[in-house]
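Work through the exercises below with the sequence and the 3D structure open beside you. Try each task before reading its solution.

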Amino acid sequence: EKQDRVLEMLKPLEEKCLMLLHAVEDDPVIKSRLKGVGVLTEQEARDYCTLGPTARGSGYDLDVRRDHPHGVYDRVDWNVIVEQSGDVYAKTMVRLKENLESIKIIRQALQQLPAGEIDAGVRDVPAGEGIGIYGAPRGETFHYVASDGTNSPIRHKVRAPSFNNVPSFEASCIGEEIADVLLTLAAVDPCYSCTERSVRLRDRSGDERLITPRELLEKSHKKTEELIK
């Protein structure tokens, strides 16, 4: 029911994205502030296993949507945006240009949208293990799932792209001006909550101690039960 409305919204959105792209391309102040800042070479991008715009801004031509297509990415026409300079300006241009590619993808997907139910009706998942990779805005997201034959996973491991991208600051930020470091980290679009791995918990008394994975799981179950109640 919302297909026509979405198509209507895409035109003014495309115009604004083009306006922003041209504004950045034509602004000498932005160029002087972003060009040559926070450079991450292609080899460094590979060494740190960077993903998404962080990698493509350094000339590292990879995109899981093209290289391992999922959904309908192999049935729509779009371009992988790659810039060569590896600086903050390059990452900015990748993101701005990818907005336009996203609009192209949405238009084609809506035009080919089939009729029928949208619920696959999956109730239980066969016992076993599976992995999946998906193209997220920051880059490839990896999922590992283990099932015991019910509709609830017994293990679910997620590796978000920020887990790869944030450590690249060792190559792009060390030794740079503080003001440039802030820009460089912002250009990676870091999601720090995606990179957190809990190894310590601090209780209300202020004492800090190690916690085992079993204890952490038990606390999670207890909290879930409280929320349900």
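The exercises that follow concern a predicted model, and each task comes with a worked solution.

**Exercise 1. The protein as a whole**

Task: State how many helices and strands the protein has, and what share of its residues is buried.

Solution. Start with the elements: there are 10 helices and five strands in the protein. Next, take burial, where the cut-off is under 20% relative accessible area. Buried residues account for 30% of the 229 residues. For the overall extent, the C-alpha atoms fill a box of roughly 55 × 55 × 35 Å along the principal axes. Finally, look at contacts between residues at least 6 apart in sequence: 59% of these join residues at least 24 apart.

**Exercise 2. The span of a helix**

Task: Check whether the distance between the end C-alpha atoms of helix α1 (residues 3-26) agrees with its number of residues.

Solution. Helix α1 has 24 residues. The expected span is 1.5 Å times one less than the number of residues, which gives 34 Å for α1. The end C-alpha atoms of α1 are 35 Å apart, so the two values agree.

Now turn to the side of the helix that faces inward. Leu-10, Cys-17, Leu-21 and Val-24 are buried in α1. An α-helix has 3.6 residues a turn, so residues three or four places apart point the same way. The packing partners of the buried residues of α1 are α2 (28-34) and α6.

**Exercise 3. Three strands in a row**

Task: Describe how β1, β2 and β3 are paired.

Solution. Begin with β1 and β2. These strands run antiparallel and are joined by nine bridges. The connection between β1 and β2 is a hairpin of two residues. One bridge can be located by name: Gly-135 has Glu-140 in β2 as its partner.

Then move to the next pair. β2 also pairs with β3 (residues 155-159), again in the antiparallel sense, over five bridges. Here Val-145 stands opposite His-156 in β3. β2 therefore has bridges to both β1 and β3, given that pairing requires at least two bridges between strands.

**Exercise 4. Two pockets**

Task: Find which residues and elements line the largest pocket, and then describe the second largest pocket.

Solution. The largest pocket has a volume of about 460 Å³. It is lined by 25 residues, and those closest to its centre are Arg-56, Arg-65, Glu-98, Ala-136 and Pro-137. Two or more lining residues come from each of α4 (52-56), α5 (64-67), α6 (88-111), β1 (128-136) and β2 (139-147). Of the elements, α6 gives the most, with seven residues. Sorted by class, the lining holds 10 nonpolar, seven polar and eight charged residues.

The second largest pocket has a volume of about 180 Å³. Its lining consists of Pro-213, Arg-214, Leu-216, Leu-217 and Ser-220. By class, three of these are nonpolar, one is polar and one is charged.

**Exercise 5. Positive phi angles**

Task: Locate Cys-49 and Asp-189, and say whether each is buried, partly exposed or exposed.

Solution. Take Cys-49 to begin with. Its phi is near 55°, which is a positive value in a residue other than glycine. Cys-49 sits in the loop between α3 (42-47) and α4. Its relative accessible area is 45%, so Cys-49 is partly exposed.

Continue with Asp-189. Phi of Asp-189 is near 55°, again positive in a residue other than glycine. The loop between α9 (178-188) and β4 (200-202) contains Asp-189. Asp-189 is partly exposed because its relative accessible area is 29%.

**Exercise 6. Two residues and their surroundings**

Task: Classify Thr-184 and Pro-167 by accessibility and list their contacts.

Solution. Thr-184 belongs to helix α9. Its relative accessibility is 3%, so Thr-184 counts as buried. Leaving out residues up to four places away in sequence, Thr-184 touches Val-37, Gly-38, Val-88, Ser-172 and Cys-173.

Pro-167 is found in the loop between α7 (162-165) and α8 (169-172). With 32% relative accessibility, Pro-167 counts as partly exposed. Apart from neighbours within four places in sequence, Pro-167 is in contact with Tyr-48 and Ser-162. As a last step, compare sequence and space: Pro-167 and His-143 are 24 residues apart in sequence, and their C-alpha atoms are 20 Å apart.

Technical notes:
Residues numbered from 1 in each chain as written. Predicted model: local features only at pLDDT ≥ 70, side-chain atom pairs only at ≥ 80, totals over all residues. Heavy atoms only, no water. 1 Å grid on protein atoms, 1.4 Å probe; cavity = no way out; pocket = protein on both sides within 12 Å on 5 of 7 lines; lining within 4 Å. Points joined across faces, edges and corners; volume = space filled by probe spheres on them. Helix = DSSP H or I, 4+ residues; strand = E, 2+ residues; numbered from the N terminus. Nonpolar A, V, L, I, M, F, W, Y, C, P; charged D, E, K, R; others polar. Buried < 20%, exposed > 50% of the residue type's maximum accessible area, 1.4 Å probe, protein only. Contact = heavy atoms within 4.5 Å.
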